[in-house]
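Thanks for coming. I will go through one structure today, beginning with the ligand and then moving on to some details of the chain.

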Amino acid sequence: MSTAEQATPTALDLSWVRSQFPSLAQTVNGQPAVFLDGPGGTQVPQRVIDAISSYLSRDNANTGGAYQTSRDTDRMIAEARAAMADFLNCDSDEIVFGPNMTTLTYAMSRAIGRELGPGDEIVVTLLDHDANFAPWKALEEGGVTIRAACFNPADCTLDMDDLASKITSRTRVVAAGYASNAVGSINHVAEIVRLAQQVGALSYIDAVHYAPHGPIDVRALDCDFLACSTYKFFGPHMGVLYGKRQHLQLLHPYKVRPLTDNVPNRWEWGTLTHECIAGIKACVDYWRELGRRMHAEHATRRQAILAAHAAIHQHERGLMERLIAGLLAIPGLTFYGITDPKKFDQRCPTVVVRIEGHTPLALATKLGDRGFFTWYGNYYALNLTEQLDVERTGGFLRIGLVHYNTMEEVERLLAALREIVG
Ligand SMILES: Cc1ncc(COP(=O)(O)O)c(C=O)c1O
């Protein structure tokens, strides 16, 4: 983020935030539902629901037709692209829509893989979700060598020295996460991009987990690709891929012949989920309105998104400090990831734990019965759970906070865990 773009944090208007999300009002067994499952998918504001419903009830059509609803669909998709371009700080024609991040990443890895063969190397990390690992690993079929960078087991941060040592003149792609969807560590993405650039390799950043928590600026990062999923930042179930225009133009997608060769459409195969794209536009509108409520009434959409992020960061930080301190005081609990508050800028408010005598599934079930929605297992961060040797015994219990969570929810969760543990 450039200095001019940096927003001053102002307290989040939490009651307004929560009023936007109708699902937060649910109860489970008479207890208020507490959504701590954001890393698996966040709730959506009413305006996203309305946009999806309104698109289906009025504008439902395919693209490129010579009639009103088709033209309206074309316009709506262009608006959603522009909105996502502001969210990531790029141009509209560098935004590719797809069903989800995994599918988009397989599409791009296959296209990049067409140009590679024996002697070429791709560097991945063992901290990543499998969606930024398996699509690259698949290129071994064509003779490409995959090299995986380790993480530091003590605090589950990426081992940057190991990563740097694996990047050589043979490296063609460096694929890394922005933040871990399990242990919450935020990687030094700008440095990773720089290391890739030094050897002329492409950088492919998985920002799925980071997107609801921190501002993304693909221009400032100068990454070649960055993928995210709108359902993790209060939008519908879809994926978005940023690609530098020249790559989207020069690489060769596998595609059907009648599909245009224009960028970005040549990367969007078949008919997209138009109603969800309408929801993406509404999702970015939500971010803009949240930001404008932070004393940024006259801000541009990008500035308002940054103001929203600044307020979200401050709010999530307070919740995370309390959550981690409270968890560490629970007897028999093992915490995986950064616990030093001085290093909290290097983590998202997503935490994983294990508690002696309870499987992660048993804990998640007991919490679920009390209205707390957490997750258990590996969340597809399979290399991580294997390396930490917890895969055979059920992985971790994951608790993920986002900006609509409250301090009261954190306190209630800690009380429930203390009661369960006994
Ligand atoms: C960090 C991370 N990367 C990638 C993915 C895959 O995203 P999608 O479901 O959009 O394919 C997830 C999903 O949980 C994730 O958390």
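In the side chain of Asn181, an N or O atom sits 3.4 Å from an oxygen atom of the ligand. Please keep in mind that this is a predicted model. For Ser229, the distance between a side-chain N or O atom and a ligand oxygen is 2.6 Å. Lys232 also has a polar side-chain atom 2.6 Å from an oxygen atom of the ligand. On its own, the ligand would expose 390 Å², and the protein buries 90% of that.

What else surrounds the ligand? Besides Asn181, Ser229 and Lys232, the surrounding residues include Asn100, Met101, Thr102, His129 and Ala131. Further along the chain, Asp206, Val208, His209 and Tyr231 also belong to this group. Sorted by class, the shell has six polar, four nonpolar and two charged residues. Which pocket does the ligand take up? The ligand fills the space of the second largest pocket.

Now to the aromatic rings. How many aromatic pairs are there? The count is 14. One of them is formed by Trp16 and Tyr286, and this pair is stacked, with 5.8 Å from centre to centre and 5° between the planes. Trp16 is in helix H1, residues 14-19, whereas Tyr286 is in helix H10, residues 274-292. The two are 270 residues apart, and the pair thus links distant parts of the chain.

Two points about the backbone remain. Between Val263 and Pro264 there is a cis peptide bond, with omega at about 5°. Pro264 is found in the loop that runs between helix H9, 245-250, and H10. H10 is also the helix that holds Tyr286 of the stacked pair.

The other point is Cys156. Its phi is positive, about 55°, although Cys156 is not a glycine. Cys156 is located in the loop between strand E7, 151-152, and strand E8, 157-158.

That is what I have for today.

Technical notes:
Residues numbered from 1 in each chain as written. Predicted model: local features only at pLDDT ≥ 70, side-chain atom pairs only at ≥ 80, totals over all residues. Heavy atoms only, no water. Near = heavy atom within 4 Å. Polar contact = N/O pair within 3.5 Å; in protein donor to acceptor, adjacent residues only side chain to side chain. Areas by Shrake-Rupley, 256 points an atom, 1.4 Å probe, with all protein chains shown as cover. 1 Å grid on protein atoms, 1.4 Å probe; cavity = no way out; pocket = protein on both sides within 12 Å on 5 of 7 lines; lining within 4 Å. Sits in = over half its atoms within 2 Å of the grid points. Nonpolar A, V, L, I, M, F, W, Y, C, P; charged D, E, K, R; others polar. Phe/Tyr/Trp six-rings, centres within 6.5 Å; stacked < 30°, edge-to-face > 60°. Helix = DSSP H or I, 4+ residues; strand = E, 2+ residues; numbered from the N terminus.
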